[in-house]
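The following exercises concern strand pairing, helix packing and a pocket. Each task is followed by a solution in steps.

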Amino acid sequence: MEKHNQNNLTVVKHNHLNRASYTMTLDERRLILSCISRINPRETMPDEITVHASDFAHHWGINPKYAYDQLKEARQNLYDRNIRLHGDDGKITDLRWVYRASYADGEGYISMAFSPDIKPYLTELKSHFTSYHLMEVRNFKSGHAIRLYELMMQYKNTGWMDESVTDLKEMFGVANNYPAWGEFQRRVIKPAVKEINAVTNFSVKYTTKKRGRKISRVVFT
(Lines give C-alpha, C1' and ligand atoms only; values in the text may rest on other atoms or scores of the structure.)
Protein backbone atom coordinates (compact mmCIF):
# COMPACT_ATOMS: atom_id res chain seq x y z
CA MET A 1 0.00 0.00 0.00
CA GLU A 2 1.34 3.43 -0.94
CA LYS A 3 2.43 5.54 2.00
CA HIS A 4 1.46 9.22 2.17
CA ASN A 5 2.97 12.09 4.11
CA GLN A 6 0.00 12.60 6.38
CA ASN A 7 0.84 16.25 7.05
CA ASN A 8 1.30 17.20 3.39
CA LEU A 9 -1.77 15.74 1.70
CA THR A 10 -3.32 18.03 -0.92
CA VAL A 11 -6.91 18.27 -2.11
CA VAL A 12 -7.16 18.99 -5.86
CA LYS A 13 -10.46 19.29 -7.73
CA HIS A 14 -11.49 20.61 -11.13
CA ASN A 15 -13.22 23.95 -10.70
CA HIS A 16 -16.52 22.54 -11.97
CA LEU A 17 -16.48 20.02 -9.13
CA ASN A 18 -15.30 22.64 -6.66
CA ARG A 19 -18.39 24.70 -7.50
CA ALA A 20 -20.79 21.77 -7.63
CA SER A 21 -23.96 21.53 -5.55
CA TYR A 22 -24.13 18.78 -2.93
CA THR A 23 -25.14 18.11 0.66
CA MET A 24 -22.92 16.38 3.21
CA THR A 25 -22.52 15.99 6.95
CA LEU A 26 -19.23 17.12 8.47
CA ASP A 27 -17.86 13.56 8.68
CA GLU A 28 -18.89 12.79 5.09
CA ARG A 29 -17.09 15.92 3.92
CA ARG A 30 -14.02 14.96 5.92
CA LEU A 31 -14.02 11.47 4.45
CA ILE A 32 -14.39 12.59 0.83
CA LEU A 33 -11.56 15.11 1.29
CA SER A 34 -9.35 12.45 2.90
CA CYS A 35 -9.99 10.24 -0.14
CA ILE A 36 -9.35 13.00 -2.67
CA SER A 37 -6.09 13.93 -0.93
CA ARG A 38 -4.79 10.43 -1.68
CA ILE A 39 -5.21 10.86 -5.44
CA ASN A 40 -2.43 12.13 -7.68
CA PRO A 41 -4.32 14.66 -9.82
CA ARG A 42 -1.86 14.25 -12.71
CA GLU A 43 -2.28 10.48 -12.97
CA THR A 44 -5.15 8.04 -13.58
CA MET A 45 -7.66 7.24 -10.85
CA PRO A 46 -6.71 4.33 -8.57
CA ASP A 47 -9.22 1.46 -8.53
CA GLU A 48 -9.85 1.94 -4.83
CA ILE A 49 -8.92 4.34 -2.03
CA THR A 50 -8.34 3.13 1.51
CA VAL A 51 -8.66 5.33 4.59
CA HIS A 52 -7.50 3.96 7.95
CA ALA A 53 -9.28 5.05 11.11
CA SER A 54 -5.94 6.03 12.67
CA ASP A 55 -5.19 8.37 9.75
CA PHE A 56 -8.73 9.77 9.81
CA ALA A 57 -8.38 10.53 13.51
CA HIS A 58 -5.01 12.22 12.89
CA HIS A 59 -6.27 14.32 9.98
CA TRP A 60 -9.30 15.69 11.77
CA GLY A 61 -8.37 15.67 15.46
CA ILE A 62 -10.93 12.95 16.21
CA ASN A 63 -10.77 10.65 19.22
CA PRO A 64 -9.28 7.41 17.79
CA LYS A 65 -11.75 5.46 19.91
CA TYR A 66 -14.65 6.71 17.78
CA ALA A 67 -12.94 7.30 14.44
CA TYR A 68 -13.78 3.90 12.91
CA ASP A 69 -17.50 4.18 13.69
CA GLN A 70 -17.55 7.68 12.21
CA LEU A 71 -15.76 6.38 9.12
CA LYS A 72 -18.24 3.55 8.62
CA GLU A 73 -21.27 5.82 8.93
CA ALA A 74 -19.80 8.43 6.59
CA ARG A 75 -18.92 5.70 4.08
CA GLN A 76 -22.48 4.40 4.03
CA ASN A 77 -24.01 7.83 3.56
CA LEU A 78 -21.57 8.86 0.83
CA TYR A 79 -22.62 5.86 -1.21
CA ASP A 80 -26.05 7.49 -1.56
CA ARG A 81 -24.95 11.10 -2.06
CA ASN A 82 -25.56 13.03 -5.28
CA ILE A 83 -23.51 15.81 -6.92
CA ARG A 84 -25.02 18.36 -9.29
CA LEU A 85 -22.59 19.92 -11.77
CA HIS A 86 -23.33 23.12 -13.65
CA GLY A 87 -21.47 23.24 -16.97
CA ASP A 88 -20.27 26.40 -18.73
CA ASP A 89 -22.86 25.67 -21.43
CA GLY A 90 -25.68 25.72 -18.89
CA LYS A 91 -25.99 21.94 -18.85
CA ILE A 92 -26.83 20.38 -15.48
CA THR A 93 -25.47 16.91 -14.73
CA ASP A 94 -26.15 14.70 -11.70
CA LEU A 95 -23.40 12.29 -10.60
CA ARG A 96 -22.56 9.95 -7.73
CA TRP A 97 -19.41 10.35 -5.67
CA VAL A 98 -18.73 6.63 -5.29
CA TYR A 99 -20.00 3.39 -6.80
CA ARG A 100 -18.40 0.98 -4.31
CA ALA A 101 -17.82 1.33 -0.57
CA SER A 102 -16.66 -1.44 1.73
CA TYR A 103 -15.35 -2.14 5.23
CA ALA A 104 -14.37 -5.10 7.40
CA ASP A 105 -15.10 -4.97 11.12
CA GLY A 106 -11.97 -5.29 13.18
CA GLU A 107 -9.66 -4.17 10.38
CA GLY A 108 -9.86 -0.46 11.16
CA TYR A 109 -10.24 0.90 7.64
CA ILE A 110 -12.77 1.55 4.88
CA SER A 111 -12.32 1.42 1.11
CA MET A 112 -14.13 3.37 -1.57
CA ALA A 113 -14.08 3.57 -5.35
CA PHE A 114 -14.97 6.86 -7.03
CA SER A 115 -17.57 6.63 -9.78
CA PRO A 116 -16.17 6.65 -13.34
CA ASP A 117 -18.13 9.81 -14.17
CA ILE A 118 -16.32 11.84 -11.54
CA LYS A 119 -12.80 10.75 -12.45
CA PRO A 120 -12.25 13.55 -15.03
CA TYR A 121 -12.82 16.09 -12.24
CA LEU A 122 -10.19 14.57 -9.93
CA THR A 123 -7.49 13.05 -12.15
CA GLU A 124 -5.33 13.92 -15.15
CA LEU A 125 -5.88 17.61 -14.41
CA LYS A 126 -3.78 20.14 -16.29
CA SER A 127 -5.66 23.38 -15.72
CA HIS A 128 -8.79 24.93 -14.18
CA PHE A 129 -8.39 23.26 -10.82
CA THR A 130 -8.43 24.32 -7.17
CA SER A 131 -5.98 22.99 -4.59
CA TYR A 132 -5.25 23.34 -0.90
CA HIS A 133 -3.56 21.27 1.82
CA LEU A 134 -5.87 18.99 3.78
CA MET A 135 -4.41 20.19 7.07
CA GLU A 136 -5.57 23.73 6.27
CA VAL A 137 -9.15 22.66 7.01
CA ARG A 138 -8.33 20.26 9.85
CA ASN A 139 -9.61 22.50 12.64
CA PHE A 140 -12.96 23.37 11.12
CA LYS A 141 -15.93 22.05 13.07
CA SER A 142 -18.49 23.15 10.49
CA GLY A 143 -19.06 21.73 7.02
CA HIS A 144 -20.15 25.18 5.85
CA ALA A 145 -16.78 26.65 6.87
CA ILE A 146 -14.95 23.96 4.89
CA ARG A 147 -17.22 24.62 1.90
CA LEU A 148 -16.64 28.38 1.94
CA TYR A 149 -12.90 27.89 2.39
CA GLU A 150 -12.56 25.64 -0.66
CA LEU A 151 -14.67 27.99 -2.76
CA MET A 152 -12.43 30.87 -1.73
CA MET A 153 -9.30 28.88 -2.58
CA GLN A 154 -10.45 28.93 -6.21
CA TYR A 155 -9.98 32.71 -6.13
CA LYS A 156 -7.01 33.00 -3.77
CA ASN A 157 -4.84 34.58 -6.47
CA THR A 158 -7.26 37.48 -6.98
CA GLY A 159 -8.18 37.86 -3.31
CA TRP A 160 -11.91 38.25 -3.88
CA MET A 161 -14.96 36.22 -4.87
CA ASP A 162 -18.28 37.59 -6.16
CA GLU A 163 -21.20 35.13 -6.19
CA SER A 164 -24.95 35.34 -6.52
CA VAL A 165 -26.96 34.37 -3.45
CA THR A 166 -28.76 31.75 -5.55
CA ASP A 167 -25.49 30.10 -6.64
CA LEU A 168 -24.09 30.21 -3.12
CA LYS A 169 -27.13 28.43 -1.73
CA GLU A 170 -26.75 25.77 -4.42
CA MET A 171 -23.06 25.27 -3.71
CA PHE A 172 -23.67 25.03 0.03
CA GLY A 173 -26.44 22.50 -0.61
CA VAL A 174 -29.08 24.60 1.19
CA ALA A 175 -31.12 25.93 -1.73
CA ASN A 176 -34.33 24.61 -0.17
CA ASN A 177 -33.47 25.35 3.45
CA TYR A 178 -33.09 29.10 3.82
CA PRO A 179 -35.21 31.02 1.30
CA ALA A 180 -34.65 34.38 3.04
CA TRP A 181 -31.24 36.07 2.81
CA GLY A 182 -31.28 36.96 6.51
CA GLU A 183 -31.60 33.34 7.59
CA PHE A 184 -29.02 32.14 5.06
CA GLN A 185 -26.60 34.79 6.29
CA ARG A 186 -27.23 33.95 9.96
CA ARG A 187 -27.09 30.15 9.62
CA VAL A 188 -24.43 29.74 6.93
CA ILE A 189 -22.40 32.77 5.86
CA LYS A 190 -21.67 34.50 9.17
CA PRO A 191 -20.66 31.34 11.09
CA ALA A 192 -18.48 30.13 8.20
CA VAL A 193 -16.66 33.47 7.90
CA LYS A 194 -16.23 33.65 11.68
CA GLU A 195 -14.68 30.17 11.82
CA ILE A 196 -12.33 30.81 8.89
CA ASN A 197 -11.12 33.98 10.59
CA ALA A 198 -10.67 32.14 13.89
CA VAL A 199 -8.74 29.04 12.77
CA THR A 200 -6.84 30.05 9.60
CA ASN A 201 -4.33 32.71 8.60
CA PHE A 202 -6.91 34.37 6.36
CA SER A 203 -8.91 37.47 7.25
CA VAL A 204 -12.25 37.30 5.44
CA LYS A 205 -14.86 40.00 5.05
CA TYR A 206 -17.94 40.19 2.88
CA THR A 207 -20.30 42.80 1.51
CA THR A 208 -23.60 42.48 -0.34
CA LYS A 209 -25.13 43.87 -3.51
CA LYS A 210 -28.80 44.51 -4.15
CA ARG A 211 -31.07 44.16 -7.13
CA GLY A 212 -33.92 46.46 -6.26
CA ARG A 213 -34.66 45.83 -2.58
CA LYS A 214 -33.39 42.27 -2.57
CA ILE A 215 -29.86 41.12 -1.66
CA SER A 216 -28.69 39.41 -4.85
CA ARG A 217 -24.90 38.96 -4.58
CA VAL A 218 -22.18 38.50 -1.95
CA VAL A 219 -18.60 39.72 -2.39
CA PHE A 220 -15.94 38.04 -0.25
CA THR A 221 -12.50 39.57 0.19
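**Exercise 1. Identify the residue that stands opposite H86 in β4, and describe the pairing around it.**

Solution. The model is a predicted one.
Step 1. H86 stands opposite I92 in β4.
Step 2. The strands concerned are β3 (residues 82–86) and β4 (residues 92–96), which are antiparallel and joined by five bridges.
Step 3. Between β3 and β4 lie five residues, and the two strands form a hairpin. In its turn, G90 has a positive phi of about 90°.

**Exercise 2. Determine the strand order of the three-stranded open sheet and state which strands stand at its edges.**

Solution.
Step 1. The order is β2-β6-β5, with antiparallel pairing.
Step 2. β2 (49–52) and β5 (98–103) each have a single partner strand, so they stand at the edges and one side of each lacks a neighbour in the sheet.
Step 3. From one strand to the next, the twist averages 20°.
Step 4. For the pair of β5 and β6 (residues 109–114), five bridges are found in the antiparallel sense. Within this pairing, S102 stands opposite S111 in β6.

**Exercise 3. State which strands are touched by the helices α3 and α4, and give the angle reported for each helix.**

Solution.
Step 1. Helix α3 (residues 53–60) packs on the sheet through β2 and β6, and its direction makes about 70° with that of β2.
Step 2. Helix α4 (residues 64–78) also packs on the sheet, where it touches β2, β5 and β6. The direction of α4 makes about 20° with that of β6.

**Exercise 4. Establish how many residues of helix α2 are buried.**

Solution.
Step 1. A residue counts as buried under 20% relative accessible area.
Step 2. By this criterion, 10 of the 11 residues of α2 (residues 26–36) are buried, and the helix is mostly covered.
Step 3. The buried residues of α2 include the charged D27, E28, R29 and R30, and also L31, I32 and L33.

**Exercise 5. Characterise the second largest pocket by volume, lining and residue classes.**

Solution.
Step 1. The volume is about 280 Å³.
Step 2. Among the lining residues are H14, N15, H16, R19, H86, H128, D167 and M171. H86, the residue opposite I92 in β4, thus recurs here as part of the pocket lining.
Step 3. By class, the lining comprises two nonpolar, six polar and four charged residues.
Step 4. Both α1 (15–18) and α6 (165–171) supply at least two lining residues. The greatest contribution comes from α6, with three residues.

Technical notes
Residues are numbered from 1 along each chain as its sequence is written. This is a predicted model: local features need pLDDT of at least 70, side-chain atom pairs count only at pLDDT 80 or more; totals for chains, interfaces and linings use all residues. Side-chain values use heavy atoms; hydrogens and water are left out. On a 1 Å grid over the protein atoms alone, a cavity is a set of points where a 1.4 Å probe fits but cannot get out, and a pocket is an open set with protein on both sides within 12 Å along at least five of seven lines; lining residues have an atom within 4 Å of a point. Grid points are joined across faces, edges and corners, and a volume is the space filled by probe spheres set on the points. Helices (H or I, at least four residues) and strands (E, at least two) are DSSP runs, numbered from the N terminus. Two strands pair if DSSP finds at least two bridges between them. Axes are lines fitted to C-alpha atoms, for helices over the stretch in contact, and angles run from 0 to 180 degrees between N-to-C directions. Contact means heavy atoms within 4.5 Å. Buried means under 20% relative accessible area, exposed over 50%, partly exposed in between (1.4 Å probe, protein chains only).
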